Amino acid sequence: MTFELSPDHEEFRAVVRDFAEKEIAPHAAQWDRDHHFPVEVVHRMGELGLFGLTAPEEYGGAGGDFTSLCVAIEELGRVDQSIGITLEAAVGLGINPILTFGTPAQRERWLPDLVAGRRLAGFGLTEPGAGSDAGATRTRAELVPGAEGEQWVVNGAKQFITNSGSEITSVVTVTARTGTGEGGKPEISAIMVPAGTPGFTAEPAYDKLGWHASDTHPLSFSDVRVPADHLLGERGRGYAQFLATLDDGRVAIAALAVGCIQACLDLCLDYAGQRQTFGGPIGRKQGVAFQIADLEVMLRASRLLTYQAAAMKDAHGTGRGSVKAFKQAAAVAKLYATESAVTATRIATQVFGGYGFMEEYPVARFYRDAKILEIGEGTSEVQRMLIARGLGLPVE
Ligand SMILES: Cc1cc2nc3c(=O)[nH]c(=O)nc-3n(C[C@H](O)[C@H](O)[C@H](O)COP(=O)(O)OP(=O)(O)OC[C@H]3O[C@@H](n4cnc5c(N)ncnc54)[C@H](O)[C@@H]3O)c2cc1C
């Protein structure tokens with residue numbers, strides 16, 4: 001197994017970097033200030049093929065590998081973490097569950113627009129009382145007879161759901177209790193709820209610490225009726241399906257963290273050469289230079305862990321890898337890269353001194369954006385729990 005990026009991946013990186021520099025970087029600070037979700041850029045990312053990198057050609061995708069998606073997320077995240085997470089969630093939480101668990105009819109209906117970046121889909125697992133403990137979901141869906149056949153009636157609430165209330169959101173898949181399963185445990189299934197279904201409300205967007213240009217809403221469901229065929233995957237397998245989805249998501253979030261660390265390094269290198277104190281550039285002082293050296297170490301280690309996990313995912317897709325080894329690698333990459341990204345933004349802000357505290361410099365935005373990386377798609381504590389279990393420890 002190798003996890004070196006191929007010349008094709010590097011060529012692709014250059015294309016995404018060019019797009020990110022030209023179409024995103026000049027506007028990132030303004031979108032952040034205005035809490036603006038740039039729909040037009042999502043469409044342009046679609047035209048570039050970013051949403052369809054891993055989707056089959058029959059739905060308009062490129063049928064490419066997961067590593068390419070990580071490269072794209074890293075490069076977008078290097079200039080704007082909000083846009084990076086928009087792509088990550090759109091593919092990882094929106095497209096992938098439909099692609100992996102959907103019926104041919106569900107795929108036909110939803111994927112072409114999602115893959116083209118014309119529309120977005122969200123996935124609602126988290127609830128006010130169920131985050132890390134996602135199995136504690138309270139949202140319910142009951143199958144009842146209707147005039148036009150059986151329908152699911154959904155009641156409940158979800159929170160912190162990415163890409164769930166934008167003007168181009170077409171569908172949100174939610175986990176819900178659909179009965180009682182083995183041993184009296186709740187039976188959890190995944191139900192697709194199209195935007196605009198009566199009773200389904202995307203509440204006003206959150207006022208967040210960071211990711212200001214990413215679309216995040218609480219969702220409420222009050223007697224929401226959808227046809228029986230809106231069940232995604234097997235009845236009672238909703239939770240298990242989502243856990244599988246999250247393994248890939250963890251590597252993609254690690255790639256977003258790599259982009260963040262790379263941005264910190266680039267910004268610091270430039271600034272340390274320019275900023276003068278005591279008659280010379282601050283980069284001449286060991287106290288500053290050594291902090292920047294640490295950024296380089298974090299970047300290399302995070303990148304290796306991330307692309308190793310991505311390569312394992314690609315090998316697994318072709319039947320050559322072990323699922324258990326991939327799960328462990330994904331949790332390790334997510335934990336290490338995201339905690340490094342938070343440290344990297346703290347270092348970068350320090351290197352910039354007082355200017356680093358000013359929104360006029362991008363390091364301030366990266367500082368605010370980084371924290372969520374340690375929380376979303378499984379907190380650092382959850383990653384440590386998974387890693388410890390992977391080592392065979394009987395941790396709860
Ligand atoms: C901007 C944003 C976007 C998001 N997007 C989505 C989305 O699209 N879809 C979605 O479903 N969710 C989404 N989330 C939710 C996210 O995945 C959850 O916030 C996260 O999983 C943590 O859940 P929680 O917030 O309920 O925290 P809790 O689970 O309440 O955790 C609180 C604290 O306790 C710790 N903790 C909990 N259990 C344990 C344990 N067993 N051992 C040790 N420590 C523990 C946690 O690590 C954390 O530090 C998003 C969140 C944010 C902020």
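Here a colleague asks how some labels on this predicted model were reached.

Colleague: Why are α5 and α7 called roughly antiparallel?

Modeller: The axes of α5 (residues 81–101) and α7 (residues 238–274) cross at roughly 160°. Angles over 145 degrees count as roughly antiparallel, so α5 is roughly antiparallel to α7. The two axes come within 10 Å, and their crossing is right-handed.

Colleague: What makes E21 and R78 a salt bridge?

Modeller: The N to O distance is 3.1 Å. The cut-off is within 4 Å, so the pair qualifies. E21 lies in α1 and R78 in α4, so the bridge ties together parts 57 residues apart in sequence. Both E21 and R78 also belong to a network of salt bridges, whose members include E10, R13 and D266.

Colleague: Is R78 buried or exposed, and how do you know?

Modeller: R78 has 14% relative accessibility. Buried means under 20%, so R78 counts as buried. Its partner E21 stands at 36%. That value falls between 20% and 50%, so E21 is partly exposed.

Colleague: How do you know that R250 and D247 are about one helical turn apart?

Modeller: They are three residues apart in helix α7, which means a separation of about one helical turn. Their side chains meet in a salt bridge at 3.7 Å, N to O. R250 has a relative accessible area of 6% and D247 has 8%, so both are buried under the 20% limit.

Colleague: Why is E234 called exposed?

Modeller: E234 has 56% relative accessibility. Exposed means over 50%, so the label fits E234. E234 sits in the loop between β8 and α7.

Conventions
Residues numbered from 1 in each chain as written. Predicted model: local features only at pLDDT ≥ 70, side-chain atom pairs only at ≥ 80, totals over all residues. Heavy atoms only, no water. Axes fitted to C-alpha atoms, helices over the stretch in contact; angles between N-to-C directions. Helix = DSSP H or I, 4+ residues; strand = E, 2+ residues; numbered from the N terminus. Parallel < 35°, antiparallel > 145°, perpendicular 65-115°, else oblique. Left-handed = near helix turned anticlockwise from the far one by under 90°. Buried < 20%, exposed > 50% of the residue type's maximum accessible area, 1.4 Å probe, protein only.
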